[in-house]
Amino acid sequence: MDGPEVRLDRREPYLRLQSITVYVRDVDRSLSFYRDQLGFQLIFDARPGARWVTVAPPDGTANLTLVVPEANSEQRKLIGRSTNITFVTEDVIAKFREWSKRGVHFNFAPRLKRLKYGVQIRKPGPEDMANPGAGPAPIWGGVFTRFKDLDGNTFSLVSFDEVTHAVEAQRRAIVEKLDVERRSAQELEIAKQVQARLFPQRRPPLKTLEYAGICHQARQVGGDYYDFLDLGSERLGFVIGDISGKGIAAALLMANLQANLRSQSAVALDEPQRLLCSVNQLFCENTADGAFATLFFAEYNDATSGLRYANCGHLPALVLRGDDSVERLESTATVLGVFKKWDCAIEEAKISPGDTLALYTDGITESFNDAGDQFGEERLIAALCRHRALPPQDLLEAVVKEVRQFSPREQQDDITLIIAKCS
């Protein structure tokens, strides 16, 4: 009832019944009967040469091969006789009514039989081998009938209580599986909506800087994170991070990191180093071993256009200067969540009018094309330079479009990008 069993350990070669030959007078005429009246499927049609076709019932793996034997051959004498082939169904009465309406000839109406067999109806286990006569013999209730094809070849159609029960149990299992999948899909959709609310819902205005951020997740939820933190006193925090792993686990860690940063951000204005040390400690305490995050934190001063930043194992931020030079803001600390005794250095940079700041995750630079090449930092810089005249939001979309044109296959990692332009 469960179809062919493919054994992953390869200890025994795969084996199943391929086909049974049924001799007929006319292949096309018989094919029409089996397809149109019995509802079988065409599996194979051999042309040219000796014509034969293979058909199969809608359920199961056995096939019937319809062959026209040569005239005066011994096989020709088998046409119109019992094939000794038995089809099993969960409801003979229903099939009898369905096929009768389609013109199938039955030898007699379905009959009920209740038989007692001393056979095993499940795969024998060690206890069965030790005591093969143990347990009561099952009683099978069965319904039987026979039908003929257009050539008079006779087939049996039967149903057994055990088959009916097995089909019903399988049907219930499928319904339960679909219900679980439906609930999982609903829960993932809720998680997606919740995570979407964790990304910044507003952009605190700045006088000297225009900025925007975007995150396209590879799955319904992901581990990339970006944020804009209003630090007060004309200062804004830019945050971008990448959590190890993917899916629900990474999304939960992302939410944990976001909560830690926002709850501790009050100390960022005066002591950004203390903020990040506190975030690392909380991340270590609240996550399992092996989990970590890369993070780039920058505090922008709207009054002075100064930037204080810490790069915690993240990809270098890029500053495209007005003279077309590029400055990389490299790592100043290791990743978060690995070491409880952890510290970071705070560096400074100046953002001048005409400069563009880009923070990004590896979902951009590590996107692959069909040749196996990465999009890489050089292509990112080139894309930023090509579209640098655009406003930040349009610049974001232009860069993401180029990444997707370069890597048209299914997205494998979250794509996250922040663009800030000094006006």
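## Exercises on two open sheets

Strand 12 (residues 235-243) and strand 13 (residues 293-301) run antiparallel as a pair, joined over nine bridges. Keep in mind that this is a predicted model. With that pair as a start, here are three exercises.

**Exercise 1.** Place strands 12 and 13 in their open sheet and find which strands stand at the edges.

*Solution.* Begin with the pair itself: within it, Val239 stands opposite Phe297 of strand 13. Next, widen the view to the five strands of the open sheet, which follow the order 11-12-13-14-17 with antiparallel pairing. Now look at the ends of that order: strand 11 (224-232) and strand 17 (347-350) each have a single partner strand, so one side of each lacks a neighbour in the sheet. From one strand to the next, the twist averages 20°.

**Exercise 2.** Which strands does helix 6 lie across?

*Solution.* Find helix 6 at residues 272-286. Then trace what it lies across: strand 12, strand 13 and strand 14 (306-312). Finally, take its direction, which is at about 155° to strand 13.

**Exercise 3.** Work out the strand order of the four-stranded open sheet, then add its helix.

*Solution.* The order here is 1-4-3-2, and the pairing is mixed. Strand 1 (19-23) and strand 2 (41-46) are at the edges with a single partner strand each, so one side of each has no neighbour in the sheet. Neighbouring strands are turned by 25° against each other on average, direction ignored. Inside the sheet, strand 3 (residues 52-56) pairs with strand 4 (residues 63-67) in the antiparallel sense over four bridges, and Thr54 has Thr65 in strand 4 as its bridge partner. Last comes helix 1 (residues 27-37), which lies across strands 1, 2, 3 and 4 and runs at about 155° to strand 4.

Terms used: Residues are numbered from 1 along each chain as its sequence is written. This is a predicted model: local features need pLDDT of at least 70, side-chain atom pairs count only at pLDDT 80 or more; totals for chains, interfaces and linings use all residues. Side-chain values use heavy atoms; hydrogens and water are left out. Two strands pair if DSSP finds at least two bridges between them. Axes are lines fitted to C-alpha atoms, for helices over the stretch in contact, and angles run from 0 to 180 degrees between N-to-C directions. Contact means heavy atoms within 4.5 Å.
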